[in-house]
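Work through the exercises below with the structure open beside you, and try each task before you read the solution that follows.

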Amino acid sequence: MNQKIPEEMIEQIRSQIDIVDCISDYMQLTKRGRNWFGLCPFHGENTPSFSVSQDKQIFHCFGCGAGGNAITFVMDIENIPFPEAVAKLGERVGIHLDIQSSSMQNSGQSYSKKEEKMLEAHEFAADFYHHLLMNTEDGEIALNYLLKRGFTKEHIETNGIGWSMPAWDTLSVLLKRKGFSLEEMAECGLIIHKESDHTYYDRFRGRIMFPIRDENGKVIAFSGRIIDSADEAKYLNSPESPIFHKSQVLFNLDKARTSIRKNRQVILMEGFMDVLAANQAGVYNAVATMGTSLTTQHITKLKRLSEQIIICYDGDNAGWEAAKRAAEMLYAERLKVEVALLPEKLDPDEYIRKYGSESFVHQILDKPHAYITFMMMHARRNKNFQFENDVLQYIQEVLEQLVGRSSPIERDLYIKQLASETNISEEAIYAQFRKFEANNAKNFNRVEQRNQTKQIDFQPKKTLSATERAERLLLSHMLNNFEIVDRVLKSDEPQPFARDEYAAVFVRLIGFYEEHPSPDYHRFLEILEDQELRKIVMEAALVESDPDHAEAEIADCLKQLKKYRIEAEIKKLLHDSHEAEKMHEHKRALAIAQQIIQLRKSLSAI
């Protein structure tokens, strides 16, 4: 954090970065009027309240209060300190800053010190495994295997693929030599603790190693593939750990983000090998869950990136069922879901190797099935229309999908298709549909009533008191004019703010003006490490003030804050007076009463 970047360099980078382009790399933004909106990445929400102003080059969330500029956004979203955020944005505009990464030592990081060591160890292990694969005789067999499977050296380098030695303790010895705690290394899954003799041995031995990264590119786990053995599982994955939670990780999200933005869609796959195969086929907007079903956490990440999701799961029965579950979850979140189906029970990796990249892109991904079409295909599987029960069940399953979700045109199209497939008249199917629709309307009304009750219980956005409005407006003027800070410091009340957090911002603002002669709330935001203080500054910066009546506004603010302090002092003295009377301390009670009289006089004089 102490690495000093020249002020003119910071200003040059900030002025060349477009905040909409920067934030769009991390989430989907839609233009409405002058501003851009999206789902806030800093708190869970279903309705976009995250606003980005291209004119002002700032963002602000009306839900949680988060706000700032492009630099502070990168600081917060990636949990990195200011110098690294500036360097990262500098690379975007062709300005290279030689900043040594200090994110592991960043006190503002969301990881504990123990977790930071775990991340550091995973990065070390990934580099070690990759070195073994690419530069040693021990890794030759594994390297040749990958090359035969269609991996290029460039692809291997890009993904940091490696090789673990067959020996029992190669990595364990190295980690100990590097000063890592073996107990912590066992906790994060790199090695295993042997209970019988309290020794440690490597979890991954004799396997091709695929690093698993979080959305910011940090290695948090591994998947190891055996080359040739019938005795062991083909894949061995890192266990859940303090830094690796399968329910939250989407493989390749760190690399796919740019392509997702460009294509405005995500290809969702089941396994990381499918994603790597898709990358080899020239498909770079693919991500995968890590050996777990799709979760709400995964969906939250996907929603921020794109509204269009194409599910491309395995073509076997398990893949169909998993695709159905995922499609229903995504559709329920109002995402545009399509399903790309693979023939012959193949998975994407197998299909690409059998039919080639061009066929995968043009015959599979370019021809996905609409959500309801897929649900009809799924409902039709394993049904024999010679049996009445199968026909009735099929119609019911399809109509349940159409109710409350389809447009009149879609409804007409799919009911015609149902009638054609089942030889049941359109009129009869429509009659059944209307019954489902009536039942759905009743259920919807009940849910709405419950939701309205919940909304009543939900605490509305707090209305600011006169004192709170005065603090915000005064700070707004201070952010734009150093002379107001100087005037307050020379007054009888050098600390005018009522709330502690505003007082903390004021102290930092004084320090800022000692180093920066000109007002610059963008730069002030960047030096604040505390996100809560940044929220206060952003809210003040967004206040609409009247420049023609600035002096009157400032005087009113100071007057209101002075009244607040006097009223607070009177309240305290009234309490002290009551306590003195209870203790029969009459002289003290009289003295307090006189103080109260004087304060009330001064209050009425304001």
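**Exercise 1.** Decide whether Glu397 is buried, partly exposed or exposed in this predicted model, and then find its charged partner.

Solution. Begin with the relative accessibility of Glu397, which is 26%. Buried would require under 20% and exposed over 50%, so Glu397 counts as partly exposed. Next, look for the partner: Glu397 forms a salt bridge with Lys383, and the closest N and O atoms are 3.4 Å apart. Finally, place the two residues, for Glu397 lies in helix α17 (residues 388-402) while Lys383 lies in the loop between α16 (371-380) and α17, so the pair ties together parts that are 14 residues apart in sequence.

**Exercise 2.** Locate the two residues of the salt bridge between Asp21 and Arg261, and state how accessible each of them is.

Solution. First, check the contact, in which the closest N and O atoms are 2.9 Å apart. The pair links distant parts of the chain, since Asp21 belongs to helix α2 (residues 19-24) and Arg261 to helix α10 (residues 253-263), 240 residues apart. Then compare the accessibilities with the limits: Asp21 is partly exposed at 34%, and Arg261 is partly exposed at 31%.

**Exercise 3.** Work out the strand order of the open sheet of four strands, and find its edges.

Solution. Start with the order, which is β6-β9-β10-β11, with antiparallel pairing. The edge strands are β6 (162-163) and β11 (235-237), each of which pairs on one side only. Lastly, consider the helix: α5 (residues 113-135) packs on the sheet, where it touches β6, β9 and β10 (219-226), and its direction makes about 35° with that of β10.

Terms used
Residues numbered from 1 in each chain as written. Predicted model: local features only at pLDDT ≥ 70, side-chain atom pairs only at ≥ 80, totals over all residues. Heavy atoms only, no water. Pairing = 2+ DSSP bridges. Contact = heavy atoms within 4.5 Å. Axes fitted to C-alpha atoms, helices over the stretch in contact; angles between N-to-C directions. Salt bridge = Lys/Arg side-chain N within 4 Å of Asp/Glu carboxyl O. Buried < 20%, exposed > 50% of the residue type's maximum accessible area, 1.4 Å probe, protein only.
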